[in-house]
Amino acid sequence: QVQLVESGGGLVQPGGSLILSCATSGFTEDNYAVGWFRQAPGKERYGVAAISTRDGMLAYADSVQGRFTIARANAKDSAANTVYLHMSALKPEDTAVYYCAAVAKLIATRESEYEYWGQGTPVTVSD
C-alpha cells in the first residue's frame with residue numbers, strides 16, 4: 001500500500017526559507033513521479049514542482065521558479081524514499097496547504113495524473 005507523509009510546514013517570515021519533506025513508502029517500482037501541490041484559502045490546488053525519483057527529471061511552476069527546489073534524498077541516506085521541497089525567498093502569497101502526490105509514471109505535472117496523495121502540511125508566510 002502506497003503511503004505519503006508530508007512534514008516541515010509552519011510559520012515563516014517573508015523572505016525566509018522552509019524545507020518540506022514527503023516520505024513515500026509502498027512503491028514496488030524504483031522510478032515514479034512525485035509532485036508538490038499547494039492550495040491557498042479559497043483557491044484551487046495547483047502543482048508547483050515535480051520530480052522523477054530515479055531519472056531526476058524536474059518541472060516547476062513559473063510562480064516558484066528560482067525560489068523553490070525539489071530534490072530527492074540520496075539513495076544511500078536513511079531517508080532514501082523522501083522527496084524534499086526547499087522553499088526560499090518566501091512571500092505571503094506562498095501561504096497554502098502543501099500536498100505531495102505520487103504516481104507510477106516517469107514524470108507528471110497535472111493534478112489529474114497523480115494517484116496517491118498525502119494529508120497536506122500548512123505553510124504560513126507572515127510577519
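Leaving aside neighbours within four places in sequence, which residues is Val 5 in contact with? The contacts of Val 5 are Ser 21, Cys 22, Ala 23 and Gln 119. The model is predicted. One of these partners, Cys 22, also forms a disulfide with Cys 100. The points below cover a four-stranded sheet, one disulfide, a nonpolar core of 28 residues and four salt bridges.

**Sheet and strand β1**

- Four strands make up an open sheet, in the order β1-β3-β8-β7, and their pairing is antiparallel.
- The edges of this sheet are β1, residues 3–7, and β7, residues 68–72, each of which pairs on one side only.
- On average, neighbouring strands here are turned by 15 degrees against each other, with direction ignored.
- Strands of a sheet pair through backbone hydrogen bonds, in a parallel or an antiparallel manner.
- Between β1 and β3 (residues 18–25) there are five bridges, and the two strands run antiparallel.
- Within this pairing, Cys 22 of β3 has Glu 6 standing opposite.
- Val 5 belongs to strand β1.
- The C-alpha atoms of Val 5 and Ala 23 are 5.2 Å apart, although 18 residues separate the two in sequence.
- Is Val 5 buried, partly exposed or exposed? Its relative accessible area is 46%, so Val 5 counts as partly exposed.

**Disulfide**

- The structure has one disulfide.
- Cys 22 and Cys 100 form this link, and their sulfur atoms lie 2.1 Å apart.
- The angle about the S-S bond is 65 degrees, and the link is right-handed.
- Cys 22 sits in strand β3 and Cys 100 in strand β9 (residues 96–103), so the disulfide ties together parts of the chain that are 78 residues apart in sequence.
- A disulfide is a covalent bond between the sulfur atoms of two cysteines.
- Cys 22 has 0% relative accessibility and therefore counts as buried.
- Cys 100 also has 0% relative accessibility and counts as buried.

**Nonpolar cores**

- The largest nonpolar core has 28 residues, of which Leu 20, Trp 36, Leu 85, Met 87 and Tyr 98 touch the most other members.
- At least two residues of this core come from each of β3, β4 (33–39), β5 (46–52), β7, β8 (82–87), β9 and β11 (121–125).
- Strand β9 gives the largest share of this core, four residues.
- What does Leu 20 touch, not counting residues up to four places away in sequence? Its contacts are Ser 7, Gly 8, Gly 9, Trp 36, Val 83, Tyr 84, Leu 85, Met 87, Tyr 98, Thr 121 and Val 123.
- Another core, of seven residues, lies apart from the largest one, and among its members are Phe 37, Ala 101, Val 103 and Tyr 114.
- In soluble globular proteins, nonpolar side chains tend to be buried together.

**Salt bridges**

- How many salt bridges does a search of the whole structure find? The search finds four.
- Side chains of opposite charge can pair when their charged atoms come close.
- Asp 94 and Arg 38 meet through their side chains in one salt bridge, at 2.8 Å from N to O.
- Asp 94 is in the loop between β8 and β9 and Arg 38 is in strand β4, which makes this a link between distant parts of the chain, 56 residues apart.
- Both Asp 94 and Arg 38 are buried.
- A salt bridge also joins the side chains of Arg 45 and Glu 111, at 2.8 Å from N to O.
- Arg 45 lies in the loop between β4 and β5, and Glu 111 in the loop between β9 and β10 (116–117), so this pair ties together parts that are 66 residues apart in sequence.
- Arg 45 is partly exposed, with a relative accessible area of 23%, and Glu 111 is partly exposed at 32%.
- Glu 113 and Lys 105 form a salt bridge through their side chains, at 2.7 Å from N to O.
- Glu 113 is buried because its relative accessible area is 16%, and the cut-off for buried is under 20%.
- Lys 105, with a relative accessible area of 35%, is partly exposed.
- Arg 38, Arg 67 and Asp 94 are joined into one network by salt bridges that share partners.

Technical notes
Residues numbered from 1 in each chain as written. Predicted model: local features only at pLDDT ≥ 70, side-chain atom pairs only at ≥ 80, totals over all residues. Heavy atoms only, no water. Pairing = 2+ DSSP bridges. Axes fitted to C-alpha atoms, helices over the stretch in contact; angles between N-to-C directions. Disulfide = S-S within 2.5 Å. Buried < 20%, exposed > 50% of the residue type's maximum accessible area, 1.4 Å probe, protein only. Core = buried A, V, L, I, M, F, W, Y, C linked by side-chain atoms within 4.5 Å. Contact = heavy atoms within 4.5 Å.
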